[in-house]
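Hi everyone, thanks for making time for this. I'd like to walk you through a structure that may be new to you, so let's put it up on the screen.

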Amino acid sequence: MQGQSPHIANASLLYKNQKEGVDVQLAYVYTGKKITLVSPYKDLDYWQQGMSQLDFSIEKKAFKYFTFYSKITNLLNTPIVVQILQPNIYTTGDFALPHQTDPNRVTVQRDLYGQNFTFGMRYKF
């Protein structure tokens, strides 16, 4: 099925202390290679390469009504790489593609999103 990876793995480490009001989580997600665009031409489909993501979150309850939290996503700064799994015959000249590091694959997209930091406070009444 288009867009669905046949290999997905999730792992989490959790620490909860209700007495202290602390929750900590480290989460890892692996998504294997998946097709992102089905080409009308033979063997020119776009494939997103497998990627790993590591996230961290912490919450601390304070006083009676306040909760402070922090979340950091994509700690590994993993790029999203989309490739055509065919050789690029145009390695020089006007048709040369950027990010052509493997002669047996054509990289058509490489995105870096960086880490995302979220900090906040909740008030529950």
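Let's begin with the order of the elements: from the N terminus on, the protein chain runs β-β-β-β-β-β-β-β-β. That gives nine strands and zero helices. Please keep in mind as we go that this is a predicted model.

How much of the chain counts as buried? Of its 125 residues, 23% do. And for contacts between residues with a separation of 6 or more, 55% come from residues 24 or more positions apart.

Now, the sheets. Let me take the five-stranded one to start. Its strands form an open sheet in the order 1-2-5-6-9, and the pairing is antiparallel. Which strands sit at the edges? They are strand 1, residues 8–17, and strand 9, residues 116–123, and each of these pairs on one side only. From one strand to the next, the twist averages 10°.

Let's look inside this sheet at one pairing. Strand 5 covers residues 51–62 and strand 6 covers residues 66–73, and these two pair in the antiparallel sense over seven bridges. If you want a spot to click on, try F56 in this pairing, which stands opposite I72 in strand 6.

As a quick reminder for anyone new to this, strands of a sheet pair through backbone hydrogen bonds, either parallel or antiparallel.

On to the four-stranded sheet. This is also an open sheet, with the order 3-4-7-8 and antiparallel pairing. Here the edge strands are strand 3, at 34–37, and strand 8, at 106–111, each pairing on one side only. The twist in this sheet averages 30° from one strand to the next. One of its pairings joins strand 4, residues 46–48, to strand 7, residues 80–84, in the antiparallel sense over three bridges. In that pairing, Q48 stands opposite V82 in strand 7.

So much for the backbone; now the side chains, starting with the charged ones. Side chains of opposite charge can pair when their charged atoms come close. How many salt bridges are there? The count comes to three, and we can visit each of them.

One salt bridge joins K16 and D23, with the closest N and O atoms 4.0 Å apart. Is K16 buried or exposed? K16 counts as exposed, because its relative accessibility is 59%. Its partner D23 has a relative accessible area of 29%, so D23 is partly exposed.

Another salt bridge brings together the side chains of K42 and D43, at 2.8 Å from N to O. K42 has 70% relative accessibility and therefore counts as exposed. D43, at 41%, counts as partly exposed.

Then there is the salt bridge between the side chains of E59 and R122, at 2.7 Å from N to O. This pair links distant parts of the chain: E59 belongs to strand 5 and R122 to strand 9, and they are 63 residues apart. Both ends are partly exposed: E59 has a relative accessible area of 22%, and R122 has one of 38%.

Next, the aromatic rings. A search of the whole structure finds four aromatic pairs. One of them is F66 with Y123, a tilted pair at 5.2 Å centre to centre and 55° between the planes. Why does this pair tie together parts that are 57 residues apart in sequence? Because F66 lies in strand 6 while Y123 lies in strand 9. As for accessibility, F66 is partly exposed, with a relative accessible area of 26%, and Y123 is partly exposed too, at 47%.

If you zoom out a little from F66 and Y123, you'll find a cluster: ring pairs link F63, Y65, F66, Y123 and F125.

One more ring to show you before we finish. What sits over the ring of W47? The charged end of K33 does, 4.9 Å from the ring's centre.

To recap for your notes: the chain has nine strands, with one open sheet in the order 1-2-5-6-9 and another in the order 3-4-7-8. Strand 9 is worth a second look on screen, since R122 in strand 9 pairs with E59 in strand 5, and Y123 in strand 9 pairs with F66 in strand 6. Thanks for listening, everyone!

Conventions
Residues are numbered from 1 along each chain as its sequence is written. This is a predicted model: local features need pLDDT of at least 70, side-chain atom pairs count only at pLDDT 80 or more; totals for chains, interfaces and linings use all residues. Side-chain values use heavy atoms; hydrogens and water are left out. Two strands pair if DSSP finds at least two bridges between them. Axes are lines fitted to C-alpha atoms, for helices over the stretch in contact, and angles run from 0 to 180 degrees between N-to-C directions. Buried means under 20% relative accessible area, exposed over 50%, partly exposed in between (1.4 Å probe, protein chains only). Rings of Phe, Tyr and Trp (its six-membered ring) pair if their centres lie within 6.5 Å; planes under 30 degrees apart count as stacked, over 60 as edge-to-face and the rest as tilted. A charge sits over a ring if NZ of Lys or CZ of Arg is within 6 Å of the ring centre and within 35 degrees of the ring normal. Contact means heavy atoms within 4.5 Å.
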